Amino acid sequence: MSIKTIKIDSIVDELQRVKGKRLSLLINKDAKVVIKAPHYAQISEINRFVESKRDWIIKSKLKVISAKLPERTYTEGEKFLYLGIQRELKIVNDSPHAVQYENGTFYLTETCRNDAANYISALYKNLAWNHLAHRIFELAKKHDFKIRNVKISPAKGRWGSCSSSGTINLAWRLVMAPPEVIDYVIIHELAHTVEHNHSDKFWAIVEKIVPDYKKNINWLAENGRYCDV
């Protein structure tokens, strides 16, 4: 009979065995997740601890990582994420639009470069409406969730939220992520219309629809810093 091996949660970068009785974690200067655990603590116990802190871990990693981001220059060839793919920015001399997205490329008019961040953000908000709003209603119908309203949010600290009244907010930056990651965040918020917490029941709902949801959480933790303009 084979013995099932329990592995440490993939969001953890380093496990340190220490003296003492308490589990603790830290995010180091390289945005790595370090868990300090007593020598006798079992991996299953450590994983439960990590799961209970997952939201905090992701937000903390993003804060550390975003502090290291290079400044945008809005020059020819610079890359911007859209649906998980790095898309090239081209500078054009004459266009009726300040910025536009067409055939996998972003186009920015030279005379608008001084205010490029605002123009590109506005474009992303439109792209987010077109993709996210359509997708959330599609998934809600498919999995029999009830929602009242959808809003596109400028939030940076979170990818989505669900109010007690059933209104779901999705950050426009989410449209920069791969489709499967977008779907996970949407399912996460739809699950909150049933369970307004992060209980075992909540995660069971998520896992039933997105069995590999942790992979998508890890993508956001590692790459969320690039989802900005």
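## Close-up views of the predicted model

**View 1. L25 and I35 face each other across a hairpin.** L25 of β2 sits opposite I35 in β3. This is a predicted model, and that goes for every view below. Strand β2 covers residues 24-27, strand β3 covers residues 33-38, and four bridges hold the two together in an antiparallel run. The two strands make a hairpin with five residues between them. Look in the turn for A31, whose phi is positive at about 70 degrees. Side chains along β2 take turns: L25 and I27 point to one face and are buried, while S24 and L26 point to the other face and are not buried.

**View 2. Four strands make an open sheet in the order β4-β5-β7-β6.** The pairing in this sheet is mixed. On the edges are β4 (79-82) and β6 (99-102), each pairing on one side only. From one strand to the next, the twist averages 35 degrees. Zoom in on β6 and you'll find four bridges to β7 (residues 105-109), with the two strands antiparallel. Y101 stands opposite F106 of β7 here. Helix α3 packs on this sheet, touching β4, β6 and β7. The direction of α3 makes about 40 degrees with that of β6.

**View 3. Aromatic rings gather around Y101 and F106.** In total, the structure has nine aromatic pairs. What are the ring distance and plane angle for Y101 and F106? Their centres are 4.8 Å apart and their planes are at 50 degrees, so this pair counts as tilted. Y101 is partly exposed at 22% relative accessibility, whereas F106 is buried, with a relative accessible area of 1%. Both rings belong to a cluster linked by ring pairs, together with Y74, F80, Y82, Y124 and W172. There's a charge to spot as well: R72 lies over the face of F80, at 3.9 Å from the ring centre.

**View 4. Y184 and Y213 stack.** Y184 and Y213 form an aromatic pair with 6.3 Å from centre to centre and 20 degrees between the planes, which makes it stacked. Y184 belongs to helix α4 and Y213 to helix α6, so to speak a link between distant parts of the chain, 29 residues apart. Are these two tyrosines, Y184 and Y213, buried or exposed? Both are buried.

**View 5. Three strands make a second open sheet, ordered β8-β10-β9.** Pairing is mixed in this sheet. The edge strands are β8 (149-153) and β9 (160-162), and each of them pairs on one side only. Neighbouring strands here are turned by 15 degrees against each other on average, ignoring direction. Three bridges connect β9 to β10 (residues 167-171), an antiparallel pair. Within that pair, G160 stands opposite L170 of β10. Helix α3 (residues 116-142) packs on this sheet too, touching β8 and β10, and its direction makes about 145 degrees with that of β8. Helix α4 (residues 179-191) also packs on the sheet, in touch with β9 and β10. The angle between the directions of α4 and β10 is about 155 degrees.

**View 6. K214 and D9 bridge distant parts of the chain.** The structure holds 14 salt bridges. In the one between K214 and D9, the closest N and O atoms are 3.9 Å apart. K214 is in helix α6 (residues 213-223) and D9 is in the segment before β1 (14-18), and the two are 205 residues apart. K214 is partly exposed, at 33% relative accessibility, but D9 is buried, with a relative accessible area of 7%. Which residues are linked in a network of salt bridges with D9 and K214? They are E51 and R54.

**View 7. Two further salt bridges, R113 with E110 and K156 with D228.** R113 and E110 meet through their side chains at 3.7 Å, N to O. R113 is partly exposed at 27% relative accessibility, and E110 is partly exposed with a relative accessible area of 36%. For K156 and D228, the N to O distance is 3.4 Å. K156 lies in the loop between β8 and β9 while D228 is in the segment after α6, so this pair ties together parts that are 72 residues apart in sequence. K156 is exposed, with a relative accessible area of 61%, whereas D228 counts as partly exposed at 21%.

Conventions:
Residues numbered from 1 in each chain as written. Predicted model: local features only at pLDDT ≥ 70, side-chain atom pairs only at ≥ 80, totals over all residues. Heavy atoms only, no water. Pairing = 2+ DSSP bridges. Axes fitted to C-alpha atoms, helices over the stretch in contact; angles between N-to-C directions. Contact = heavy atoms within 4.5 Å. Salt bridge = Lys/Arg side-chain N within 4 Å of Asp/Glu carboxyl O. Buried < 20%, exposed > 50% of the residue type's maximum accessible area, 1.4 Å probe, protein only. Phe/Tyr/Trp six-rings, centres within 6.5 Å; stacked < 30°, edge-to-face > 60°. Lys NZ or Arg CZ within 6 Å of the ring centre and 35° of its normal.
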